[in-house]
Amino acid sequence: MRKIRILWTDDEIDLLRAHIIFLQEKGYEVETANNGSDAIDLARANHYDIIFLDENMPGMTGLETLNEIKGVSPNVPVIMITKSEEEDIMDEAIGSKIADYLIKPVNPKQILLSLKKNIDQKRLVTQQTTSAYQTEFSQIGMRINEHLSFDDWKDIYRKLVYWELELGGSEDSAMDQVLGMQKNDANKAFSRFIKENYLSWFGKQLGERPLMSTDIFKHKVFPMLDNGDKVFVLVIDNLRYDQWRTLSPVINQFYNTDEEDLYFSILPTATMYARNAMFAGLMPSEIERLYPDLWEHDDNEGHKNRHEAELLEKQLTRYARKEKLYFDKVLNLKSGKKVAENFHNILDHRLSVMVFNFVDMISHARTEMDMIRELANDEKAYRSLTLSWFNHSLLLGLLKSLSGNGIKLVITTDHGTIKVNNPVKVIGDRETNTNLRYKLGRNLNYKTKQVFEVKNPKDAFLPTRNVSTSYIFAQGNDFFVYPNEYNYYAGYYKNTFQHGGISMEEVIVPIITLSPKN
């Protein structure tokens, strides 16, 4: 194993001989310099894993030396050591991106701690994280096979996402694979849970069933309005819980999280059904019955959600709400700029709702574009791409402005998405829809064990196109493929992100309420 190389620069380096011997006995390789110029020459000629730098030296000061070293070796961590505790020196050193700051006299344990924090941290974190997950692995495994409630499944999913994010920051790829297998096992059990319980939830009171798409405004948004708050509801299409956890540290810079909850999207977990149900506060068949002019049977992606604002207005009217509604959709950069220009509209309304489609666009682009598929080649990269978009988006600036104006925030989504890799054959006629995770039609042919079938759509409050229409839903990481050109389509859609079926990632989605920090 290669030794860690340290460059220690101090004009009184001879007085630090005991510290250097201590580090050498611990297995570190230490080279020394007693002035800034020599340190820069050594940094230029050699590779060091870390540099200790005295701030107060004759000739070039530590800060001057630091700036030169950063020009030579910008990625090498530098530990500043100084006798001074003056705040302006600390500020300048920290602003120069030092890795750590120690006050003289330092003892060997302080030095060792700083080394471990800046060099060994990732390895130590990986060891601790791996050990902790191994401890909980069997507990999660046993729970998955128990008779669980919907609240239990929310808890299981939270734990799995927690470990996914923790292990995502480690270097143990083997444990990533173990977690992936455990998630697959959990999704199989979750699919059984949905098949056994989903249809029984309709007609039950909240508490006897989970919070669902139709409950969001009544139970989460309206109570905030009743408190006299101005509320902005942000619906990010396709936002999964793990993606929310990735975005939340950025948002929590200017918003406090009041409640982080999860709700169950209705089936199909697709925009046409789940988002319309959320805005209407009604199941799809109820929307079709009460507002036939607002329900589109067209399977064309662009036609599915043309009436969301009207459906939300209908829900406000049914509950005798008097709030004036501002509603907008951001489908591209051009419409995003328009929102920023019309920010006063949000300030003028008690209730504002905005749909952002970018995360959904990533998942679709990943299917269709090789470059995006490379950028988001796994779950970790998919989260990273989402975070990168958010950090450079107009949405981030909008949320900062909302916080500055004291507006409460609700962040949610209509459904999640899952990375599919197991093709399942299904046969349908030419009127069968094109979604890879659910099918509806008259003459569907499939293996019953491989799907969740709803032969009578009325049982799931779903519209029927004719008297013999039935629905089937893919489970876990399956996706539907027709036998014609099976190998081509199975290969084309394998490892793409899809939605519409049954998985924890698609069904159990975030609903977050936040208060501005100011």
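**Exercise 1. Work out the strand order of the open sheet that contains β1 to β5, and find its edges.**

Step 1. Start with the order: this open sheet has 5 strands, arranged β2-β1-β3-β4-β5 with parallel pairing. Strands here are DSSP runs of E with at least two residues, helices are runs of H or I with at least four residues, and both are numbered from the N terminus. Two strands pair if DSSP finds at least two bridges between them.

Step 2. A word on the source: this is a predicted model, in which local features need pLDDT of at least 70 and side-chain atom pairs count only at pLDDT 80 or more, while totals for chains, interfaces and linings use all residues. Residues are numbered from 1 along each chain as its sequence is written, and side-chain values use heavy atoms, leaving out hydrogens and water.

Step 3. Now the edges: β2 (29-33) and β5 (100-103) each have a single partner strand, so one side of each lacks a neighbour in the sheet. On average, neighbouring strands are turned by 20 degrees against each other, direction ignored.

Step 4. Check one pair: β1 (residues 5-9) joins β2 in the parallel sense over 5 bridges, and R5 has E29 of β2 as its bridge partner.

**Exercise 2. Place α2 and α3 on the sheet, then describe how the two helices meet.**

Step 1. Helix α2 lies across β1 and β2 and runs at about 135 degrees to β2. Helix α3 packs on the sheet too, touching β3 (50-54) and β4 (78-82), and its direction makes about 175 degrees with that of β4. Axes are lines fitted to C-alpha atoms, for helices over the stretch in contact, with angles from 0 to 180 degrees between N-to-C directions.

Step 2. The axes of α2 (residues 36-45) and α3 (residues 62-72) come within 10 Å and cross at roughly 10 degrees. That makes α2 roughly parallel to α3 (angles under 35 degrees).

Step 3. List the residues in contact (heavy atoms within 4.5 Å): α2 supplies G36, A39, I40, A43 and R44, and α3 supplies T65, E68, I69 and V72. Sorted by class, these are 5 nonpolar, 2 polar and 2 charged residues. Ala, Val, Leu, Ile, Met, Phe, Trp, Tyr, Cys and Pro count as nonpolar, Asp, Glu, Lys and Arg as charged, and the others, Gly among them, as polar.

**Exercise 3. Find the order and sense of the sheet formed by β13, β14 and β15.**

Step 1. These 3 strands form an open sheet ordered β13-β15-β14, with antiparallel pairing.

Step 2. Since β13 (438-441) and β14 (451-454) each have a single partner strand, they stand at the edges, and one side of each is left without a neighbour in the sheet. The twist averages 15 degrees from one strand to the next.

Step 3. Strands β14 and β15 (residues 470-474) are antiparallel and joined by 4 bridges; V451 stands opposite A474 of β15.

**Exercise 4. Decide whether β9 is enclosed or open, and name its partners.**

Step 1. In β9 (residues 351-356), 6 of the 6 residues are buried (under 20% relative accessible area, 1.4 Å probe, protein chains only), so the strand is largely enclosed by the rest of the structure.

Step 2. L351, V353 and V355 point one way, and S352, M354 and F356 the other; all are buried.

Step 3. Strand β6 (residues 231-236) pairs with β9 in the parallel sense over 6 bridges, and β8 (residues 325-330) also runs parallel to β9, joined by 6 bridges. V355 of β9 is the bridge partner of V235 and of K329.

Conventions
Angles under 35 degrees count as roughly parallel, over 145 as roughly antiparallel, 65 to 115 as roughly perpendicular and the rest as oblique. Buried means under 20% relative accessible area, exposed over 50%, partly exposed in between (1.4 Å probe, protein chains only).
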